[in-house]
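I set out to record what I looked up in this structure. The entries follow in the order in which I made them.

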Amino acid sequence: MAKLFSIGEVLIDFIPAQKGKALKDVVSFERAPGGAPANVAAAVAKAGGKASMITKLGVDGFGDFLVETLNNVGVNTEHVLRTNEANTALAFVSLKEDGERDFSFYRKPSADLLLNEDEIDSNWFDAGDILHFCSVDLVESPMKQAHIKAIRSAKEKGAIISFDPNVRLPLWEDPEDCRKTILQFIPEAHIIKISDEELAFITGLNDETEAIQSLFVGDVKGVIFTRGSEGADLYVNGERYCSSGYRVSVQDTTGAGDAFIGGFLYKLLEKNATVSRLSTILQEENQDILSYANASGALTTTGKGAISALPTKEEIFQLIKSNS
C-alpha cells in the first residue's frame with residue numbers, strides 16, 4: 001500500500017471541562033493532541049495504513065508529547081523537525097452545548113510556521129502516495145513555501161494531492177487574504193474537501209451547484225461536499241454521488257471533518273488509487289468510500305479531542321454494519 005503524507009500544523013488542543021461556556025468563563029481544560037493534518041495522518045495510521053507527518057515542533061514538552069502521540073498511533077515522525085526558535089502551537093477550544101467550537105490560537109509564530117522549503121526532500125514521495133494539506137499553515141511564512149515545494153515535488157512523482165481548506169479565520173489578519181490563498185491552492189489539488197459552512201465564503205457564490213462546479217479548476221478531479229451529520233456528496237465528472245451520515249451521541253465535533261477525510265483517503269490508498277485512475281475509482285467505489293468516511297467522522301464525535309477519539313477500522317465497520 002502507498003503512503004499518506006500530511007503537511008502542516010500539529011498542536012495541542014485544550015478542551016474545556018464543561019460545555020456551554022464562553023472561553024472567558026472556562027475554568028479548566030484537558031490537553032488533547034490535534035492539528036487537522038495530524039488528525040488525518042492519525043486516522044489513516046489507526047486504520048492500518050502508512051502515514052507520515054511533515055512539520056516542525058518546538059523543543060518543549062508539548063512537542064515531545066505530540067511526537068510520542070503520533071508514534072503511538074503509528075504515524076511516521078521522521079519528517080517532524082524540532083526548533084528552539086519558536087514554541088509548539090496551542091489552541092484553546094470552547095465547546096457549545098451541541099459540541100460546536102470556538103477557537104483561540106497561540107502562535108505568533110509557532111514552530112510549524114518555521115518549516116522551510118529547503119527542509120522538504122522530493123525523494124520522500126512516490127507514485128500512488130497521497131499528499132494532504134489544509135489552509136491553516138498557508139499564512140505568509142516559510143511553511144507556505146514548504147507547502148509549495150512539497151506539492152510540486154509530490155506531483156512530479158505521481159502522487160495524489162488532497163486539500164481540505166479547513167477555514168480558521170482567527171488565524172488570518174484579513175479574511176480576504178484567507179479566501180485568496182485558498183483559491184490559489186485549489187487548482188493544485190486533485191481532491192477538494194469542503195464543508196457547507198465554507199463553500200459560499202471560499203467561492204463567493206450563493207448558489208450551491210454553481211459554487212461546487214466553480215471548484216473544478218486546474219487539476220481538480222473530485223470535490224467532496226460535507227454536510228456534517230447529514231453526510232456528504234461527491235462530485236466527479238459532472239456526476240453527484242450522495243451519502244447519508246450516521247446518528248451518534250455527540251460529545252465533541254473537534255476533528256470530525258479530519259476523521260472523515262482521513263477515512264476517505266485511507267480507502268483510496270486501500271484501493272491503490274493513482275492520479276490516472278482516480279476519477280474511475282471515485283465513480284465506481286463512491287458508496288464504499290463515503291460510507292467508511294462518514295462512519296469515521298461520526299464516531300470521532302463521540303469522544304473528546306481529535307486523535308484520542310479516532311475510531312479503529314473494526315469500530316467503523318461495526319457502525320456501518322449496524323446501519324445496513
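What volume does the second largest pocket have? I worked from a predicted model, and there I found a volume of about 430 Å³ for the second largest pocket.

**Pocket lining.** I next looked up the residues around the second largest pocket. The lining comprises 17 residues, and those closest to the pocket centre are Lys 108, Val 139, Leu 171, Trp 172 and Glu 173. I sorted the lining by character and obtained 9 nonpolar, 1 polar and 7 charged residues. Strand β7 (101-106) and helix α4 (175-185) each contribute at least two residues to this lining.

**Salt bridges.** I then searched for salt bridges and found 17 in the structure. I noted Asp 137 and Arg 107, whose side chains meet at 2.9 Å, N to O. Asp 137 lies in the loop between β8 (130-134) and α3 (142-156), and Arg 107 in the loop between β7 and β8, so this salt bridge ties together parts that are 30 residues apart in sequence. Are Asp 137 and Arg 107 buried or exposed? I found both of them buried.

In helix α4 I recorded a salt bridge between Arg 179 and Glu 176, at 3.2 Å from N to O. The two residues are 3 apart in the helix, which means that about one helical turn separates them. Glu 176 has 29% relative accessibility and therefore counts as partly exposed. I also traced a network in which salt bridges with shared partners join Lys 267, Glu 270, Lys 271, Glu 285 and Asp 288.

A further entry concerns Lys 24 and Asp 25, which form a salt bridge with their closest N and O atoms 3.2 Å apart. Lys 24 counts as exposed because its relative accessibility is 71%, whereas Asp 25, at 37%, counts as partly exposed.

**Aromatic pairs.** My search of the whole structure gave 11 aromatic pairs. How are the rings of Phe 29 and Phe 92 placed? Their centres are 5.2 Å apart and their planes stand at 80°, so I entered the pair as edge-to-face. Phe 29 belongs to strand β3 (residues 29-34) and Phe 92 to strand β6 (residues 90-95), so the pair ties together parts 63 residues apart in sequence. Phe 29 counts as partly exposed, at 30% relative accessibility. I noted that ring pairs link Phe 14, Phe 29, Phe 62, Phe 92 and Tyr 106 into a cluster.

**Charges over rings.** I last looked up charges placed over rings. The charged end of Arg 31 sits over the ring of Phe 65, 3.6 Å from the ring centre. Lys 267 lies over the face of Tyr 292, at 5.1 Å from the ring centre.

Methods
Residues numbered from 1 in each chain as written. Predicted model: local features only at pLDDT ≥ 70, side-chain atom pairs only at ≥ 80, totals over all residues. Heavy atoms only, no water. Phe/Tyr/Trp six-rings, centres within 6.5 Å; stacked < 30°, edge-to-face > 60°. Helix = DSSP H or I, 4+ residues; strand = E, 2+ residues; numbered from the N terminus. Buried < 20%, exposed > 50% of the residue type's maximum accessible area, 1.4 Å probe, protein only. Lys NZ or Arg CZ within 6 Å of the ring centre and 35° of its normal. 1 Å grid on protein atoms, 1.4 Å probe; cavity = no way out; pocket = protein on both sides within 12 Å on 5 of 7 lines; lining within 4 Å. Points joined across faces, edges and corners; volume = space filled by probe spheres on them. Nonpolar A, V, L, I, M, F, W, Y, C, P; charged D, E, K, R; others polar. Salt bridge = Lys/Arg side-chain N within 4 Å of Asp/Glu carboxyl O.
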